[in-house]
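Let's take a walk through this fold, strand by strand and helix by helix. Keep the viewer open and follow along.

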Amino acid sequence: MSNVIDLATAGASGSPGSPNRCCFVVVGQGQAVLPRPFRIKTLADTPARGVPAHHANTPLGTYLFTYMAAGMRVGVASRPWRPSMVNKMDRRRWMLFVLLCVARPAAAKEGDQNPMVYDGGSWHDLDENMVPGESQPYPPVSDSWQQPETSIHVQISSFRDHRCPKTLYNLFTKAKYPDRVHAGVVQQNSEGDVDCLFKYCQLMTKELGQEPKKGNAVPGKSRLDPFVLENCPYVDQIKIMRVSAEEAKGPTYGRYLGSKLIGDEEFCMQTDAHMDFLFEWDTLLLDMWRLTQNEYGVLSTYVPRFEEMGLNANDRWEVPHICRVFFTPGDGMPRNEQAKAAMWLTRPKMTSTWAAGFAFNKCHADKRTPYDPHLPSLFDGEEYSRFARLWTRGYDVYTPHRSVVYHDYNHGPDTSVTSSWSRRGQELQRSRSRLNVLLGYKDAPVARNSTGAHDLMGKWDLGTRRSLAQLIDFTGVDTINREVIHSSCQRLAWVPFERPGEGIDDDIDPFHAQRLLGERQQGQLEENSRLTPAMWKSWSAKTAPWTITILWLAVAVLQ
């Protein structure tokens, strides 16, 4: 045999992991010792620790990736593999050899199922276990998340977007319990643009095999309801506010208007007008929210594109993870960086910023942290300022551990259309100055700690449960000096705060919440003290290759 490779010293091509964690090696193009199914074409096709799925489009040709135990020597044939080669060796030894080669990828895959986060430079292990003695969030006050009648309000802000009707269609047709879903749409259209509700009704009646009854519309029950088609499913569960596109003042103001459409629903989801969802998205998101074990938990991230719907990204359940912020050149507004990544998460991961395109939480978050209507024409700064206001009110944002909502990045309106709202320079400058005051910029027109700052901001100011100093320490984003002092992509600890009535809100039963908290802490400690299935799987994955090797050697000796 030629081309002998020592895997103990070989690095993992394309992987930001360290060499001593190597689980594959490129041995060349066209020199295969195993059949074609072992060949792959892109980094995204490998289960190894590679670049994030949304960055992994680098072609590799038809390279062969061979997984073996670290430190073993692998012989690579100098000519392509042919079926006739099997006749030249003992069939039993050949089968054992193949078993060893196949067992290693399975073992590596199982052993690699450790939660990790990618911060833009490298992957880091993530410990999801509860740390004894560490403060924990206030748990959910009820089990309403598992009740079919629990209501969900979906807030959609649409600016001249022809995809809005399809988003409504997806919302209702893919929910497990569509009767509990309520939508509030702020439609900012020009004359001749597609009407979101009318087109939605056309899609729904076509789905039911009925011809839309054009011209046979009936007036709604209030000024916020549109003229709708008869027999349109779930139309009574949709509120729409129509605003002229010429009067639009940007996404922040549009979402402020949308918050006015929230009723008495228990859960709220904010999303864009060009989205799709997994089937039974409502129960999936409610169960995911439950896993945060936080009454004040908020699920939020930059969601994947349509083309990735339902896929196990990189074969490791990779999800987008927003965790880094930068200050824009010139105006110095805080803006989220491109999403990083996390993989093999078993529950939502706490993070340090928020995304406007997808957020899911109890509706009291939106009611206690309403959108600021005094930020017209603002885009940069919207998301981080929203996070700051939520977090200082006691809300915590989590990266979903599985993707449920997806974004259409390919079929939107022309950019000259979507950005036409932002051409108001004086409004934008006033909005930036207001944001400077909110976030405590040292050159803000009004000092952060002055009474004038609170008078200026009013109910749209930062909260009082956590301080600006705590926010800076938690996120690493120093808004006072406009600099990022550390990364917050890895494990974050919950920052405690006191609530009225011995640490509990007036609308929460203190005895119920404290009992749930105690049961959760006790259950976690008991779980950590025993051998769990995950621990057994990890141990068996690490020992399986050596067990097979010993058996193989034993058979060879007996022969």
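## Sheets, helix pairs and a cavity

Let's start with a strand pair: E6 (residues 116-118) and E19 (residues 340-343) run antiparallel and are joined by three bridges. If you want one contact to click on, take Val117, whose bridge partner in E19 is Ala342. Bear in mind throughout that this is a predicted model.

Zoom out a little and that pair turns out to sit inside an open sheet of four strands, ordered E7-E6-E19-E16, with antiparallel pairing. What stands at the edges? Strand E7 (123-125) and strand E16 (319-321) do, each with a single partner strand, so one side of each has no neighbour in the sheet. The sheet isn't flat either, if you go by its strand directions: neighbouring strands are turned by 30 degrees against each other on average, direction ignored.

As a quick reminder, strands of a sheet pair through backbone hydrogen bonds, and they can do so either parallel or antiparallel. That's handy for the next sheet, an open one of eight strands with mixed pairing. Its order reads E12-E9-E8-E13-E21-E15-E22-E20. Here strand E12 (238-244) and strand E20 (349-350) take the edge positions, and each has a single partner strand, so one side of each is left without a neighbour in the sheet. For E20, look across to strand E22 (residues 396-399): the two pair in the antiparallel sense over two bridges. Met350 is the residue to pick here, as it stands opposite Tyr398 in E22.

Now for the helices. Helix H2 (residues 164-173) and helix H3 (residues 196-207) have axes that come within 8 Å and cross at roughly 50 degrees. Angles of 35 degrees and up to 65 fall outside the parallel and perpendicular classes, so H2 counts as oblique to H3. Their crossing is right-handed.

Another pair to look at is H7 with helix H11 (residues 468-475), packed at an angle of about 120 degrees with axes 10 Å apart. That angle makes H7 oblique to H11, and H7 passes H11 in a right-handed crossing.

H7 is also our way into the cavities. How many cavities of 30 Å³ or more does a search of the whole structure find? The search finds eight, and the largest cavity holds about 90 Å³ of space. Which helix gives the most to the lining of that largest cavity? It's H7 (residues 382-391), with four residues. The lining includes Glu382, Ser385, Arg386 and Arg389, along with Thr252, Tyr371, Asp372, Leu375, Leu438, Met457 and Trp460. By residue class, that lining divides into five nonpolar, two polar and four charged residues.

Notes
Residues are numbered from 1 along each chain as its sequence is written. This is a predicted model: local features need pLDDT of at least 70, side-chain atom pairs count only at pLDDT 80 or more; totals for chains, interfaces and linings use all residues. Side-chain values use heavy atoms; hydrogens and water are left out. On a 1 Å grid over the protein atoms alone, a cavity is a set of points where a 1.4 Å probe fits but cannot get out, and a pocket is an open set with protein on both sides within 12 Å along at least five of seven lines; lining residues have an atom within 4 Å of a point. Grid points are joined across faces, edges and corners, and a volume is the space filled by probe spheres set on the points. Ala, Val, Leu, Ile, Met, Phe, Trp, Tyr, Cys and Pro count as nonpolar, Asp, Glu, Lys and Arg as charged, and the others, Gly among them, as polar. Two strands pair if DSSP finds at least two bridges between them. Axes are lines fitted to C-alpha atoms, for helices over the stretch in contact, and angles run from 0 to 180 degrees between N-to-C directions. Angles under 35 degrees count as roughly parallel, over 145 as roughly antiparallel, 65 to 115 as roughly perpendicular and the rest as oblique. A crossing is left-handed if the near helix is turned anticlockwise from the far one by less than a right angle, and right-handed if clockwise.
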